[in-house]
Amino acid sequence: MQHDDVIWDIIGNKQFCSFKVKTKSQNFCRNEFNITGLCNRSSCPLSNSQYATIREEKGQCFLYMKVIERAAFPARMWEKVKLSKNYEKALEQIDQNLIYWPRFIRHKCKQRFTKITQYLIRMRKLVLKRQRKLVPLSRKVESREKRKEEKALIAAQLDNAIEKELLERLKQGTYGDIYNFPVHAFDKALEQQDHESESESEEEEAEEEVEQREFVAEDEVEESDLSDFEDMNKLKTSSDEEEQESSEGEEQQEESSDEEEAGASTSKSAARGRKRRAFVEIEYEREVEPVSKSRDF
Amino acid sequence: MDFTEVPVTSERKSKKKKNKRAGNKRVSEAENGESVGVEKKSEEKIMENGESSAAFPPTFSVSEIKNKQRRHLMFMKLKQEKRKQKLQLRKKKKKERAALGDKAPPKEVPKTIENQRVFDETTVDLEDEEIAFDEGTDEFSAYFNRLTNPQVLITTSDRPRGKTVRFCEQLASVIPNAHVYYRRGLALKKIIPQCVARNFTYLMVINEDRLVPNGLVLCHLPDGPTAHFKVSSVRLRKEIKRRGKDPTEHSPEVILNNFSTRLGHTIARLFAALFPQDPNFVGRQVATFHNQRDFIFFRFHRYIFKNEKKVGIQELGPRFTLKLRSLQKGTFDSKYGEYEWVLKRHEMDACRRKFQL
């Protein structure tokens, strides 16, 4: 015979119920037919011979009912009713099936059904939204890649590569006229001129050596400047500074040439000095007497 | 009486340890002792290893010693010997080189991975007509024919954290015409038509994992290819030592190094089309994408020419490395997209000298 009170007396409080989960504040019931999920006298499916639940299977909701007449036939104990997909119709179905049943069970069934439909709707919505795919990382592979990256970085020599590329672009002229060192062209032009004048300068070298042994005072330098006056008239220079530089340069050359052997550099610089001398323009200022301020009317 | 057989080798070794300068006597003793118990092989090896140091009795391997400390010591000694021999060999070679002077054979080029790279059949010849034709008619032709100006939209995955946000901002400062938009859980497939409608040419999505950016999806917009990269070693501006001031608004120049295969060329054009065609040389800024062994290093520098042979560069801007994971034709569609190239680790990473880009 089915004595609900006795059953509850035993499993509810005094002895063990395998479905009961005890926590600090509450007791839960893990029985899959439990309607509220709590361990109560009225919610326990084992200690209520007339009981009903809502359960969901693959998106379909079913109403399960248990009556005392079938308590002896465990295989047929639960009656399963498929509820319609329409929410209101399903509620009416619940009402129809549980007519004359205790108010508590009817109410809780409808509550549970509402909750289930809500979470089903949410599940369907989430599937349509973006799914996050978790890709597992293999630690070995990651560490291997990291090491490869470090070695590749060392092999890359990035700074050098970038500098080389930039210099190449400069050479090829992608920067146009922004940077004012087209020095290669200038050097080449100078070299050409020097090649032309080298033959001359070789002759001049001999003369220079003879000259350099003499101690020449500044005045004499100026005289020698004047001696080249005819040449200088033909050629022009920019400023008087070069004149000074060239004279200084010449003096230095005279000093250093004793120390240095006649190398190409000295001949070239001598030639340049000569050239510079040749380019020097001497401006003669004519001092004009100022107009006398005395007014003689 | 019980005899315990003590292997001759271990005794010998302990003796050796005590008297390192074992004279020939000991060696001969050892040899005698050994030849008794050991096969002919050892004798042959004695002949072979005649040059090797006398301290080592022939043919025992260091791994046979059971005692860890002693084994370790023996191994260290072995290493030292090897090193010494190597040094001697080098000295000898150097002497020979010096002696020969000009007639010496040319220096041998050391093998590097780049030297030994397996020849890739898709390497691009610069004058290939087919490639020139392809590049004239692919999705980037509009950019390279100066029909469109690049407009870049930078966004992240959901709920980005600090480092990623700052990385996005810095990227936006480096790439001209770039805007950062907060991704509010929107689906990429819905963002893309909107971007196309607003004339964006690029969509850049930075994926974040555990507070650090680790992925980059670069999508060329009017149905262009989509490239998915793995991002690693991100350094923001704060973390770069000896850096310059913040980058200005001038368009940077672009340097693309070492993209040799067809795939590499496609990726290189993908990067090139991010930046406007006419760089402002006044700005003196340069963005570099350097490919080395399938890793693409990104750097952003400011340069200055000190003279025609020297240039100084100063790093501004963020730096990061990319590794290509997949290249898909068409805009972002991971399920039904047509993939031109996918990284298959077991096939492609099996050989150390084979690279894809």
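The legends below describe close-up views of a predicted model with chains A and B.

**View 1. Chain A as a whole.**
Chain A holds ten helices and five strands. Of its 297 residues, 26% count as buried. Among contacts in chain A with a separation of 6 or more, 49% are between residues 24 or more positions apart.

**View 2. Three strands of chain A form an open sheet.**
The strand order is E3-E4-E5, and the pairing is antiparallel. E3 and E5 of chain A are the edge strands; each has a single partner, so one side of each has no neighbour in the sheet. On average, neighbouring strands of this sheet are turned by 25° against each other, direction ignored. E3(A) covers residues 51-57, E4(A) residues 60-66, and E5(A) residues 78-82.

**View 3. E3(A) and E4(A) form a hairpin.**
Seven bridges join these two antiparallel strands. A:Tyr51 stands opposite A:Lys66. A:Thr53 has A:Tyr64 as its bridge partner in E4(A). Two residues lie between the strands of the hairpin. A:Lys58 sits in the turn, with a positive phi of about 55°. Most residues other than glycine have a negative phi.

**View 4. E4(A) pairs with E5(A) on its other side in the strand order.**
Five bridges join E4(A) to E5(A), and the two strands run antiparallel. A:Leu63 in E4(A) faces A:Val81 in E5(A) across the pairing.

**View 5. Strand E4 of chain A is covered on both faces.**
How many of the seven residues of E4(A) are buried? Seven of the seven are. One side carries A:Gln60, A:Phe62, A:Tyr64 and A:Lys66, all buried. The other side carries A:Cys61, A:Leu63 and A:Met65, also all buried. A:Lys66 and A:Gln60 are thus listed on one face with A:Phe62 and A:Tyr64. A:Leu63, on the opposite face, is the residue that stands opposite A:Val81 in E5(A).

**View 6. Helices H2 and H3 of chain A meet the sheet.**
H2(A) lies across E3, E4 and E5 of chain A. H2(A) runs at about 10° to E4(A). H3(A) packs on the sheet too, touching E3 and E4 of chain A. The direction of H3(A) makes about 10° with that of E3(A).

**View 7. H2(A) packs against H3(A).**
H2(A) spans residues 87-97 and H3(A) residues 103-128. Their axes are 10 Å apart, at an angle of about 155°. The two helices are therefore roughly antiparallel to each other. The crossing of H2(A) past H3(A) is right-handed. From H2(A), the contact takes in A:Tyr87, A:Ala90, A:Leu91, A:Ile94 and A:Asp95. From H3(A), the contact takes in A:Arg106, A:Cys109, A:Lys110, A:Phe113, A:Thr114 and A:Thr117. By class, six of the residues in this contact are nonpolar, two are polar and three are charged.

**View 8. Chain B as a whole.**
Chain B has ten helices and eleven strands. Buried residues make up 39% of its 357 residues. Among contacts between residues at least 6 apart in sequence, 63% join residues at least 24 apart.

**View 9. E6(B) pairs with E7(B).**
These two strands run parallel, joined by five bridges. B:Glu253 stands opposite B:Val286 in E7(B). E6(B) is mostly covered, with four of its five residues buried. E6(B) spans residues 253-257, and E7(B) spans residues 285-292.

**View 10. B:Arg242 has a positive phi in a loop.**
Phi of B:Arg242 is near 55°, a positive value in a residue other than glycine. The residue lies between strand E5 (226-235) and strand E6 (253-257) of chain B. Is B:Arg242 buried or exposed? B:Arg242 is exposed, because its relative accessible area is 77% and the cut-off is over 50%.

**View 11. B:Asp294 also has a positive phi in a loop.**
Here phi is near 70°, again in a residue other than glycine. B:Asp294 lies in the loop between strand E7 (285-292) and strand E8 (295-307) of chain B. B:Asp294 is buried, because its relative accessible area is 12% and buried means under 20%.

Note on methods
Residues numbered from 1 in each chain as written. Chains lettered and ligands numbered in written order. Predicted model: local features only at pLDDT ≥ 70, side-chain atom pairs only at ≥ 80, totals over all residues. Heavy atoms only, no water. Buried < 20%, exposed > 50% of the residue type's maximum accessible area, 1.4 Å probe, protein only. Pairing = 2+ DSSP bridges. Axes fitted to C-alpha atoms, helices over the stretch in contact; angles between N-to-C directions. Parallel < 35°, antiparallel > 145°, perpendicular 65-115°, else oblique. Left-handed = near helix turned anticlockwise from the far one by under 90°. Contact = heavy atoms within 4.5 Å. Nonpolar A, V, L, I, M, F, W, Y, C, P; charged D, E, K, R; others polar.
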